[in-house]
Amino acid sequence: MAHTAYPQSYYAASANPTPQRPALLDEVETDVCVIGAGYTGLSTALFLLENGFKVAVLEAAKVGFGASGRNGGQIVNSYSRDIDVIERSVGPKQAQLLGQMAFEGARIIRERIAKYDIQCDLKDGGVFAALTDKQMSHLEAQKKLWERYGHNQLELMDARRIQEVVATDNYVGGMLDMSGGHIHPLNLALGEAAAVESLGGVIYEQSPATRIERGANPVVHTPQGRIKAKFVVVAGNAYLGNLMPELASKSMPCGTQVITTEPLSDDVAASLLPQDYCVEDCNYLLDYYRLSGDKRLIYGGGVVYGARDPANIESIIRPKMLKTFPQLRDVKIDFAWTGNFLLTLSRLPQVGRIGDNIYYSQGCSGHGVTYTHLAGKVLAEALRGQAERFDAFADLPHYPFPGGRLLRVPFTAMGAWYYSLRDKLGF
Ligand SMILES: Cc1cc2nc3c(=O)[nH]c(=O)nc-3n(C[C@H](O)[C@H](O)[C@H](O)COP(=O)(O)OP(=O)(O)OC[C@H]3O[C@@H](n4cnc5c(N)ncnc54)[C@H](O)[C@@H]3O)c2cc1C
């Protein structure tokens with residue numbers, strides 16, 4: 001892996017103190033070797049440790065180096081495709097289980113923050129903003145759907161009401177989800193890593209898994225050491241590369257970019273987002289934004305298929321920010337960075353087991369802050385022999401990308417262009 005330090009993000013610049021963690025330099029034996037210290041890996045490690053397993057985590061770079069330490073920080077319920085899509089593609093029992101789980105990740109995050117006293121600027125309240133009447137009708141249906149699965153902290157907002165929570169006249173309405181909200185994502189990951197260590201888990205940084213010797217007792221190799229384990233959990237997501245070719249072939253890393261303004265005055269911050277909710281719009285290629293703990297505007301959007309790093313992120317994202325908030329035209333941008341999420345063709349996560357003892361979860365396709373926390377719980381349950389909820393995910397179909405590794409980028413970009421054109425034209 002080429003990059004081993006954090007990108008120059010606002011999050012890295014405002015990270016809570018964290019210890020230097022050693023690289024793996026010898027041979028270690030443990031119950032579970034987790035590959036990747038993002039939310040998926042850390043959440044799995046925590047649930048396993050809480051249930052008496054011995055756990056070692058291998059991280060190629062640093063805790064939260066991947067999407068978990070760079071994302072928009074928005075706690076968004078459900079999956080990247082909603083439960084109605086799941087209901088149409090699987091049987092009623094499986095759909096019921098997956099629907100019930102769709103709101104659990106947000107609860108897990110809040111439980112973790114409370115139990116381990118994690119300082120990560122948690123704020124309640126997330127807004128889905130509709131740019132068109134069609135998107136508004138979709139939100140109305142989404143509210144009914146989510147309520148059917150017992151989720152009731154929702155409020156539909158008309159054009160006037162949404163202007164009370166976000167100071168732009170771009171939206172025809174929206175939906176407020178009070179169990180959504182936002183966090184400093186890197187500080188959440190660092191707090192979870194500290195919780196792992198407080199329970200006796202060991203995290204090795206700068207320790208990429210380079211090879212997995214499969215078999216009854218798998219061995220995970222790093223450049224200078226190896227871990228013998230009863231189970232391996234692969235949680236490298238968009239940064240995994242080709243360690244597991246069978247996982248790479250059915251997913252595609254994509255980049256999305258974020259900018260952060262200089263700190264705003266209290267008055268300006270309160271005029272933009274008076275209740276301090278986070279906002280994402282309902283476009284296929286969506287904009288997402290919120291205030292940081294120190295009152296900067298953090299604004300993200302755009303997708304680069306195949307995860308090439310764009311040259312000038314500010315020139316891509318700033319115009320989007322100014323379209324929403326023209327009043328910020330004289331505000332300076334202090335940070336700009338890119339991060340990779342993992343897209344699947346169905347936009348639903350891919351969960352499974354390879355052989356008897358290698359487990360994985362990947363591909364939450366852009367919305368993963370809540371899902372990855374749930375995934376950790378579901379993977380830990382499976383390792384404890386309770387696989388019903390794991391199977392509900394594992395039985396979702398996995399599809400390879402059309403065009404294979406060579407053509408998947410242009411094919412998917414073409415599809416995205418089509419959907420964003422539909423958004424622009426309001427279909
Ligand atoms: C810019 C951006 C904004 C986003 N905004 C939001 C948002 O606001 N809300 C939301 O819900 N979702 C958002 N997402 C998605 C969300 O961040 C991800 O779905 C989630 O963080 C994925 O967590 P993860 O642990 O699976 O993967 P990651 O956080 O990417 O972690 C994978 C880790 O594995 C390590 N690794 C990889 N290969 C190896 C190896 N061979 N050996 C050892 N370690 C390895 C990597 O270094 C990395 O640290 C965003 C994503 C990005 C990129």
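About 3200 Å² of area is buried between domain 1 and domain 2, and carbon and sulfur atoms give 54% of that area. The model is a predicted one, and the boundary described here is the one between the two domains that the domain assignment gives for this protein.

**The two domains**
- Each domain is put together from three stretches of the chain: domain 1 takes in 1-122, 183-250 and 348-396, while domain 2 takes in 124-181, 252-343 and 400-427.
- Between the C-alpha centres of domain 1 and domain 2 there is a distance of 25 Å.

**Contacts across the boundary**
- On the side of domain 1, 43 residues are in contact with domain 2, where 41 residues take part in turn.
- The interface of domain 1 and domain 2 holds 2 salt bridges.
- A salt bridge joins the side chains of arginine 110 and aspartate 124, with 2.9 Å from N to O.
- Polar contacts between domain 1 and domain 2 come to 20 residue pairs, counted where both residues are at pLDDT 80 or more.

**The side of domain 1 that touches domain 2**
- Five elements give two or more residues each to this side of domain 1, namely helix H1 (10-13), strand S3 (74-75), helix H3 (83-89), helix H4 (92-101) and helix H5 (104-115).
- Of these elements, H4 gives the most, with 4 residues on the side that touches domain 2.
- Sorted by class, the residues on this side of domain 1 are 17 nonpolar, 19 polar and 7 charged.

Technical notes. Residues numbered from 1 in each chain as written. Predicted model: local features only at pLDDT ≥ 70, side-chain atom pairs only at ≥ 80, totals over all residues. Heavy atoms only, no water. Domains from an automatic or database assignment. Contact = heavy atoms within 4.5 Å. Buried area = accessible area lost by both parts, 1.4 Å probe. Salt bridge = Lys/Arg side-chain N within 4 Å of Asp/Glu carboxyl O. Polar contact = N/O pair within 3.5 Å; in protein donor to acceptor, adjacent residues only side chain to side chain. Nonpolar A, V, L, I, M, F, W, Y, C, P; charged D, E, K, R; others polar.
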